[in-house]
Amino acid sequence: MSRYKISNFEEYFKEYKKSIKDPKKFWDKIASENFTWYQEWDKVVDFNMAEAEIKWFVDAKVNITKNCIDRHLAKKGDKTAIIFEPNNPDEASQSITYNELHQRVSKMANVLLSQGIQKGDRVCIYLPMIPELAITTLACARIGAIHSVVFAGFSASAVAARINDSECKMVITSDGGYRGNKTIDLKGIVDEALVNCPSVETVLVAQRTNTDIQMKEGRDLWLAPLVEKASDNNAAEIMDAEDPLFILYTSGSTGKPKGMVHTTAGYMVYTAYTFQNVFNYEENDVFWCTADIGWITGHSYILYGPLLNGATTVIFEGVPSYPDFSRFWEVIEKHKVNQFYTAPTAIRALAKESLDYVQKYPLSSLKVIGSVGEPINEEAWHWYNDHVGGKRCPVVDTWWQTETGGILISPIPFITPTKPTYATLPLPGIQAVLMDEKRNEIEDNQVVGSLCIKYPWPGIARTIWGDHKRYKETYFSTFPGKYFSGDGALRDEVGYYRITGRVDDVIIVSGHNLGTAPIEDAINEHPAVAESAIVGFPHDIKGNALYGFVILKETGEKRDKANLAKEINQHIADHIGPIAKLDKIQFVSGLPKTRSGKIMRRILRKIAEGDFSNFGDTTTLLNPEIVEEIKNGKL
Ligand code: ATP
Ligand code: MG
């Protein structure tokens with residue numbers, strides 16, 4: 001057991017108090033007792049929040065892969081580090097031990113060096129969820145190249161935009177990727193993207209689908225032969241604590257994606273600490289996070305957090321619906337997964353299907369189940385708790401962002417009593433506050449406000465690549481001296497936090513401040529409703545009125561829509577109050593979502609307003625066709 005593990009509620013409060021009273025001492029101890037450093041820091045933290053300047057473990061020297069891999073070798077070289085579960089259940093899964101991971105990452109690091117990649121160069125990784133994705137990402141970190149992993153579902157223009165924004169010198173991709181019953185032509189997408197990317201000199205291509213692809217002479221190289229002849233001896237680069245580790249673009253739910261820059265030491269300490277405490281990882285547990293490594297959740301809780309703790313982590317190539325809706329549950333059973341971490345969008349999609357899929361499997365290995373990405377509505381929470389967790393696994397509803405590097409607010413399993421839809425309490429080191437419209441900190445409980453953090457934590461992003469001004473303006477200017485998350489929250493009588501949605505999505509109806517999440521939560525409680533999204537639209541008398549987009553379950557689709565609309569409004573009136581009733585309800589077959597599964601409310605808002613002219617940046621949209629459908633079906 002690591003030395004930073006919290007073991008009871010009293011200890012949580014004690015640790016929390018300590019972390020607030022003397023954050024430097026708190027993080028100093030965690031950092032020095034649990035990691036391998038080439039050189040320790042002169043100062044734990046140095047910051048000026050007003051200027052958005054933050055440094056942790058100043059002047060320390062470290063390599064994160066030494067901490068993820070090398071230091072485990074003596075005691076657990078033969079332990080499985082990564083379980084790879086392919087898209088197709090008929091294909092054998094693979095286990096990669098820490099020894100093998102060390103060898104493969106070292107070889108890959110030497111390949112990158114041999115191709116002229118140096119410390120500080122940017123490398124774009126556009127790979128499916130196969131072992132090479134983890135290995136190339138870690139290889140970049142080993143030599144100090146800055147990885148920019150781009151989710152392998154993005155279009156050529158989205159890939160090109162990300163490559164150009166950070167001027168990547170290399171792209172690592174594969175001949176193709178499997179996703180459910182589809183094969184995706186990743187190399188073709190890269191070729192198309194690179195027509196407009198002058199900075200890219202080399203493309204390394206991993207083999208996955210054996211698709212017949214074009215290799216461009218002088219630019220493209222197959223990865224396997226290079227790895228084959230590379231030495232497996234690689235001395236990790238000595239990195240400064242504040243050297244950038246990676247760039248990762250946000251989901252783009254609210255606008256143009258931001259290239260968040262995370263640096264080395266702080267991110268390492270924070271992801272390791274939060275992984276241990278939020279998931280209660282115990283030696284020999286198998287941890288599975290279903291996110292893609294292309295999102296921050298995958299970076300922090302498939303790769304870095306688990307490996308830093310010497311854990312066994314699952315990389316799953318497939319989707320929850322292939323070959324059928326029992327795939328997740330089958331994988332849990334097959335690998336005896338102990339901690340399972342997924343998103344509300346997946347939970348809702350699976351809850352819509354027959355219970356037989358999940359009930360076929362006992363899922364008795366599970367100990368902790370987690371949720372991330374969006375507010376989890378009450379109905380989905382209960383479904384998850386009852387049918388997946390068997391009412392015995394704490395549900396950790398983890399609130400955080402690409403910008404925060406790791407989880408900030410979450411229950412600690414078996415310690416913090418959970419409450420549906422509440423992310424509950426800030427983790428030690430996180431000084432969460434709510435701010436009112438007048439920019440004052442709200443001291444009371446049972447209030448709503450803008451969720452801010454008033455002291456830096458090690459995992460916070462340091463800047464937006466190439467645009468520090470935007471970083472400062474977006475996160476540190478609205479409430480000077482504080483980090484502003486952009487999310488709103490409610491704090492209940494005991495101090496638990498419930499995320500109510502983005503502050504920009506809050507709708508003021510007749511002077512009442514309504515968050516999107518609690519209203520959607522009430523709508524989703526109606527037995528005929530699968531999912532919903534609400535937005536505001538201008539109204540002569542009320543200022544704003546509410547427009548609801550509602551997806552029905554199969555049972556609801558057969559019913560009279562006018563009656564259903566009335567029932568839904570009655571339901572809202574009963575659960576929240578008549579003030580939150582919807583003026584308009586449109587039944588739809590889907591909602592516009594980002595590729596990470598979040599509802600893009602800004603598009604719905606435009607549709608509700610009847611403004612079809614400019615939907616803004618939609619490159620991260622998963623299902624553009626639904627936008628047309630909703631537009632055409634507008635009331
Ligand atoms: P962009 O910043 O480009 O608009 P994004 O905010 O969707 O995109 P991410 O960093 O992937 O990009 O998502 C973070 C956001 O997801 C949070 O700000 C919050 O709105 C939401 N979120 C994440 N986890 C939770 C949770 N447990 N409960 C409620 N909301 C959550
Ligand atoms: Mg965001």
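Domain bounds here come from an automatic or database domain assignment. In this predicted model, that assignment splits the protein into domain 1, covering 9-489, and domain 2, covering 510-633. Taken over C-alpha atoms, the centres of the two domains sit 31 Å apart. Where they touch, domain 1 puts in 25 residues and domain 2 puts in 22.

How much area is buried between domain 1 and domain 2? It comes to about 1,900 Å², with carbon and sulfur atoms giving 49% of it. On the domain 1 side, the residues that lose the most area to domain 2 are S253, R348 and E379, and together they make up 24% of what that side buries.

E379 turns up again when it comes to charge pairing: its side chain meets that of K553 in a salt bridge, at 3.5 Å from N to O. The count of salt bridges between the two domains is two. Polar contacts add to the picture, with 12 residue pairs found across the interface, both partners at pLDDT 80 or more.

As for which helices do the touching, α7 (156-165), α13 (344-351) and α15 (378-388) each bring at least two residues to the side of domain 1 that faces domain 2 in the contact. Of these, α7 gives the largest share, three residues. Sorted by class, that side of domain 1 holds 11 polar, eight charged and six nonpolar residues.

Methods:
Residues are numbered from 1 along each chain as its sequence is written. Chains are lettered from A and ligands numbered from 1 in the order in which they are written. This is a predicted model: local features need pLDDT of at least 70, side-chain atom pairs count only at pLDDT 80 or more; totals for chains, interfaces and linings use all residues. Side-chain values use heavy atoms; hydrogens and water are left out. Contact means heavy atoms within 4.5 Å. Buried area is the accessible area (1.4 Å probe) that two parts lose on being put together, summed over both. A salt bridge is a side-chain nitrogen of Lys or Arg within 4 Å of a carboxyl oxygen of Asp or Glu. A polar contact is a pair of N or O atoms within 3.5 Å; within protein, one must be able to donate a hydrogen and the other to accept it, and residues adjacent in sequence count only if both atoms are side-chain atoms. Helices (H or I, at least four residues) and strands (E, at least two) are DSSP runs, numbered from the N terminus. Ala, Val, Leu, Ile, Met, Phe, Trp, Tyr, Cys and Pro count as nonpolar, Asp, Glu, Lys and Arg as charged, and the others, Gly among them, as polar.
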